[in-house]
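User: I am new to this structure and would like a close look at a single part of it, followed by an account of how the rest is arranged around that part. Please take your time and connect the pieces as you go.

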Amino acid sequence: HYGRDPHRAKKKMAPSLIVVDGEEYTFYELIVPVVPLFILSMLFELSYDLMKGKHWYRINDTMSSLSAGILQQLVGRLGMDAMTIMPYIFVYRYFRLAEWKFETAGVIQHVATCLLVDHGYYWLHRKAHEIAFMWYIGHSSHHQSQAYTNATALRQGAWQGFWGFYFYLPLALFIHPTLFVFHNQIDTIYQFWIHTE
């Protein structure tokens with residue numbers, strides 16, 4: 001049957017669900033839906049580059065950036081994302097001191113979560129530059145580009161999630177995993193827009 005199946009479309013848009021000891025954790029995908037905006041932004045930047053003769057975009061460098069981004073997403077989809085969220089869920093389930101749930105969080109909790117996630121990212125990024133293991137296993141590929149373009153933002157280390165989640169574990173003492181992952185994705189999307197000349 002070649003027609004459009006409305007039930008199949010709904011399944012494609014359904015959020016991810018992890019069940020731990022009967023407790024459900026729902027995660028909404030924010031990054032994949034904005035990929036077309038990423039592509040449009042890169043095309044706009046490339047057009048500007050060609051008009052002004054800046055030579056920011058080179059085929060080999062851009063392909064390396066895009067390939068690294070695709071690899072990072074594939075590794076995440078093949079289990080790294082679930083593996084890195086499980087310690088967060090464990091801390092939240094057994095050691096939480098308060099409960100900021102996605103469904104009941106007010107504006108203040110959303111703003112605070114956004115700022116706290118960005119603070120965690122700051123320390124993750126800083127330590128990735130200072131600690132050799134973190135640099136080589138996850139972050140150095142991001143800095144191997146010859147230009148500072150939106151494509152460079154996609155050049156992420158596939159294994160950075162292996163150690164990056166540690167910087168967010170303190171948030172699990174009070175921020176529900178769904179709320180955390182939501183704001184972590186927003187922070188990731190924000191990071192894309194600041195990678196440009």
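User: Where does Arg 58 lie?

Analyst: Arg 58 lies in the loop between α2 and α3. This is a predicted model, and what follows was computed from its atoms. With a relative accessible area of 35%, Arg 58 is partly exposed. Although Arg 58 and Tyr 166 belong to one chain, they are 108 residues apart along it, and their C-alpha atoms are separated by 35 Å.

To place this loop, it helps to begin with the whole chain. The secondary structure of the protein chain comes to eight helices and two strands, and from the N terminus on the elements run α-β-β-α-α-α-α-α-α-α. Along its principal axes, the C-alpha trace spans about 55 × 55 × 30 Å. The protein chain has 197 residues, of which buried residues make up 37%. Among the contacts with a separation of 6 or more, 77% are between residues 24 or more positions apart.

One flank of the loop that holds Arg 58 is helix α2, which covers residues 31-52. The axis of α2 comes within 11 Å of the axis of helix α8, residues 177-193, and the two cross at roughly 5°. With a crossing angle of that size, α2 is roughly parallel to α8. On the side of α2, the residues that take part are Ile 31, Val 34, Leu 37, Phe 38, Ser 41 and Met 42, and they meet Gln 185, Thr 188, Ile 189, Phe 192 and Trp 193 in α8. Sorted by class, this contact of α2 with α8 has eight nonpolar and three polar residues, and no charged ones.

The other flank of the loop is helix α3, residues 59-95, and here salt bridges come into the picture. A search of the whole structure finds five of them. In one, Glu 23 pairs with Arg 93, and the closest N and O atoms are 3.0 Å apart. Because Glu 23 lies in strand β2 while Arg 93 lies in helix α3, this pair ties together parts of the chain that are 70 residues apart in sequence. Glu 23 itself is partly exposed, with a relative accessible area of 28%.

A second salt bridge that involves α3 is formed by the side chains of Asp 61 and Arg 155, at 3.1 Å from N to O. This pair also links distant parts of the chain, since Asp 61 is in helix α3 and Arg 155 is in the loop between α6 (150-153) and α7 (160-164), 94 residues apart. Asp 61 counts as buried at 7% relative accessibility, and Arg 155, at 6%, counts as buried too.

The strand that holds Glu 23 deserves a look of its own. Strand β2 (residues 23-27) pairs with strand β1 (residues 16-20) in the antiparallel sense, over five bridges. Within this pairing, Val 19 stands opposite Glu 24 in β2. The two strands form a hairpin with two residues between them, and in the turn Asp 21 has a positive phi of about 50°.

Further along the chain, helix α4 (residues 107-130) contains a salt bridge within a single helix, for Glu 130 and Arg 126 both lie there, four residues apart, or about one turn of the helix. The closest N and O atoms of Glu 130 and Arg 126 are 3.0 Å apart. Both count as partly exposed, Glu 130 at 45% relative accessibility and Arg 126 at 35%. Salt bridges that share partners join Arg 126, Lys 127 and Glu 130 into one network.

Two members of that network, Lys 127 and Glu 130, return where α4 packs against another helix. The axes of α4 and helix α5 (residues 132-139) are 5 Å apart, at an angle of about 105°, and α4 and α5 are therefore roughly perpendicular to each other. The contact is made by His 125, Lys 127, Ala 128, His 129 and Glu 130 of α4, together with Ala 132, Met 134, Trp 135 and His 139 of α5. By class, the residues of the contact of α4 with α5 divide into four nonpolar, three polar and two charged.

How values were computed
Residues numbered from 1 in each chain as written. Predicted model: local features only at pLDDT ≥ 70, side-chain atom pairs only at ≥ 80, totals over all residues. Heavy atoms only, no water. Pairing = 2+ DSSP bridges. Axes fitted to C-alpha atoms, helices over the stretch in contact; angles between N-to-C directions. Parallel < 35°, antiparallel > 145°, perpendicular 65-115°, else oblique. Contact = heavy atoms within 4.5 Å. Nonpolar A, V, L, I, M, F, W, Y, C, P; charged D, E, K, R; others polar. Salt bridge = Lys/Arg side-chain N within 4 Å of Asp/Glu carboxyl O. Buried < 20%, exposed > 50% of the residue type's maximum accessible area, 1.4 Å probe, protein only.
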